[in-house]
Amino acid sequence: MFQIKLLPRLKVLHSFVRHQHNLTSVKSSLPNNLVLLGKAKDQLNVDHDTTDEVLPPDDNVPVIRKCVGTYSLCKQPAKVWVDSFANTEMVYETAAELNPDIFSTHPRIDVLHDVVKWQKVYREVDYRWARTRAEMGRGRKKPWPQKGTGRVRQGSTVPPFWKKGGIAHGPRGPKSLYYNMSAEQLIKALAIALTIKRVQSDLLIVKDIDVPMPNDVVATQEPLHDNALTLKSSLEEILKARSIDRNSILFVHGTDAPENLNLAVIDKRGWNTMPLVGLNVLSILKHDKLVLHLDILDELEEKLIWNMTRYPWLEMPHNFYKDMPINRDNLEKSLDNM
Amino acid sequence: MALRKCIYWNKVCPTCRVLLVSLNGPQITIHGKVKNARSGLQSYSTQANENNPSCETGYTVSKEDFKWVKRLLPPSKIPDPPKHAEYPTPSGWSPPLDPPPDLPYFVRRNKYHEFSVTVETKVGGGAFTHITKIEGDIWALNKDLARFLEPELKYDLATTVHEVNQRITVKGKFQDQVVKFLLLQGF
């Protein structure tokens, strides 16, 4: 009765992580990040225009940052260029290593979808409400006599099968759509979102994230708006040199908020800043580009790897453990003082 | 009021052996076990703090002895396995090869340092063995697994390969055999 449609084997996916450098022979009509393997690679052996393409850093590039935490034996740390907003032009000099368990995982789209759906839904309230037959406000009177009219016998005008009758099993009143998503799933999804950004070359690791004030401009205390305009134009210049000035960008910084960057972003739609504690899947996916400060990578990787290897019953972690990554320095200090 | 209360306690819990020392004062002192008595009867506690050192239940601060408390704090992470003299250990566990075997696929251990091989049983008696945490060429793993399992069987092995979620499902209960195969491969 049914004709089973055989799906083609997803050969492109299976080595998503391991063979990302085979970008040399990609047909120009295909997206740049699509990796071709096996037969497809031979068939579509069209030279790709690589003039504008930035190649990933090779082994000779000095690495200024090593990845934190353990990772799978079969993986190598992912290398990315380190940028700096202190220079207007981008300089390819140094590289940073990223933990492959976070920045090159398998893209489980189902996990990502679950978490994005949860982030959109859990704060919503369903206000739909329908009247039942008791709430129609009429129907107490028998519409016609029991006998003699030739019509079917009816005692009321509000049963659900009547036109303009009440609704049976309809939506009732305000209902919270909140539900809980497991921490494991959230961590997985965050790693997947970061991976996708890196593989699609939408991830920017920046050493100095704060926008420098131009030398010829004297910073004024008042009004604040003048500073903001100056900084905005200089940030625009910086991003234009990287050809991402027309994209929406999420800047992620550490506990010390970059004041100049926050001022520069204040009046621009699509450019947003966020501390590391606020990093989440939906915000990453909503923005075209993701800019991470170099200094927060240690904390980010340590926390994520800790969450991946922690006991699952620590639903509400607190500080009465030996090896908590959260404020560990403070904890050590407080324990020593005690 | 106090008297009535006492009578009440005497009536409700006669096994408590409540001895009333003074009936005149507002405070009731009770000797013996009070565990069956409800709230409102304890009058021992005086709040202890540093400003009130004369209190019987006061405390002293000892920073040196905190190392013993530190030792009791539990770890939050699953520890790395200790190094044994020989493998496999009496429980049958052995660590993954380092460097990993030269194969197009890789199977990771989970956070408990074990393989994520589970058996799902059905009500009608059917069972499926799920293998997850696979990386690399899942189809090559499927082929090798079938080659390992099929000589012991009298029928062809039925497997499902879910490439998007990196999962292999084998029809039947094959948990031990699959774990044996993965250990032989060196994962």
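**Notebook: salt bridges, burial and backbone**

I began with B:Asp144, which counts as partly exposed at 21% relative accessibility; by the cut-offs I used, buried means under 20% relative accessible area, exposed means over 50%, and partly exposed lies in between, with a 1.4 Å probe and protein chains only. The model is predicted, so I note that local features need pLDDT of at least 70 and side-chain atom pairs count only at pLDDT 80 or more, while totals for chains, interfaces and linings use all residues. Residues are numbered from 1 along each chain as its sequence is written, chains are lettered from A and ligands numbered from 1 in the order in which they are written, and side-chain values use heavy atoms, with hydrogens and water left out.

**Helix H3 of chain B**

I looked up the partner of B:Asp144 and found B:Arg147, the closest N and O atoms of this salt bridge being 3.6 Å apart; the term requires a side-chain nitrogen of Lys or Arg within 4 Å of a carboxyl oxygen of Asp or Glu. The residues of this pair stand 3 positions apart in helix H3 of chain B, so about one helical turn separates B:Arg147 from B:Asp144. (Helices are DSSP runs of H or I with at least four residues, strands are runs of E with at least two, and the numbering goes from the N terminus.) I recorded B:Arg147 as exposed, its relative accessibility being 57%.

I then turned to B:Leu149, which is found in helix H3, residues 138–149 of chain B. Its relative accessible area is 1%, so I entered B:Leu149 as buried. Leaving aside residues up to four places away in sequence, I listed what B:Leu149 touches: B:Leu157, B:Phe174, B:Gln177 and B:Val178, where contact means heavy atoms within 4.5 Å. I also took the C-alpha to C-alpha distance from B:Leu149 to B:Trp139, which is 15 Å for a separation of 10 residues in sequence.

**Salt bridges across and within chains**

I found a total of 16 salt bridges over all chains. One entry pairs the side chains of B:Arg108 and A:Asp101 at 3.1 Å, N to O. B:Arg108 sits in the loop of chain B between strand S3 (105–107) and strand S4 (117–121), and A:Asp101 in helix H2 of chain A (residues 100–103), so this pair joins two chains. On accessibility, I have B:Arg108 as partly exposed at 22%, whereas A:Asp101 is buried at 6%. I also noted that B:Arg108 and A:Asp101 belong to a network of salt bridges that links them with A:Lys75 and B:Glu135.

Within chain A, I looked up the salt bridge in which the side chains of A:Asp202 and A:Lys289 meet, at 2.9 Å from N to O. This pair links distant parts of the chain, 87 residues apart: A:Asp202 lies in the loop between helix H4 (183–199) and strand S6 (203–206), and A:Lys289 in strand S9 (residues 289–293). I have A:Asp202 as buried, with a relative accessible area of 13%, and A:Lys289 likewise counts as buried, at 17% relative accessibility.

**Backbone entries, chain B**

I checked peptide bonds and found that the one from B:Tyr87 to B:Pro88 is cis, with omega near -5°; B:Pro88 lies in the loop between helix H2 (66–72) and S3. The bond from B:Asp98 to B:Pro99 is cis as well, with omega near 5°, and I place B:Pro99 in the loop between H2 and S3.

For positive phi in a residue other than glycine, I wrote down B:His113, where phi is near 65°. B:His113 lies in the loop between S3 and S4 and counts as partly exposed at 22% relative accessibility. A further entry is B:Lys133, a residue other than glycine with a positive phi near 60°. I place B:Lys133 in the loop between strand S5 (127–131) and strand S6 (134–136), and at 38% relative accessibility B:Lys133 counts as partly exposed.

**Chain A overall**

I closed with chain A, in which there are 9 helices and 9 strands. Of its 338 residues, 39% are buried. Among contacts in chain A with a separation of 6 or more, 67% come from residues 24 or more positions apart.
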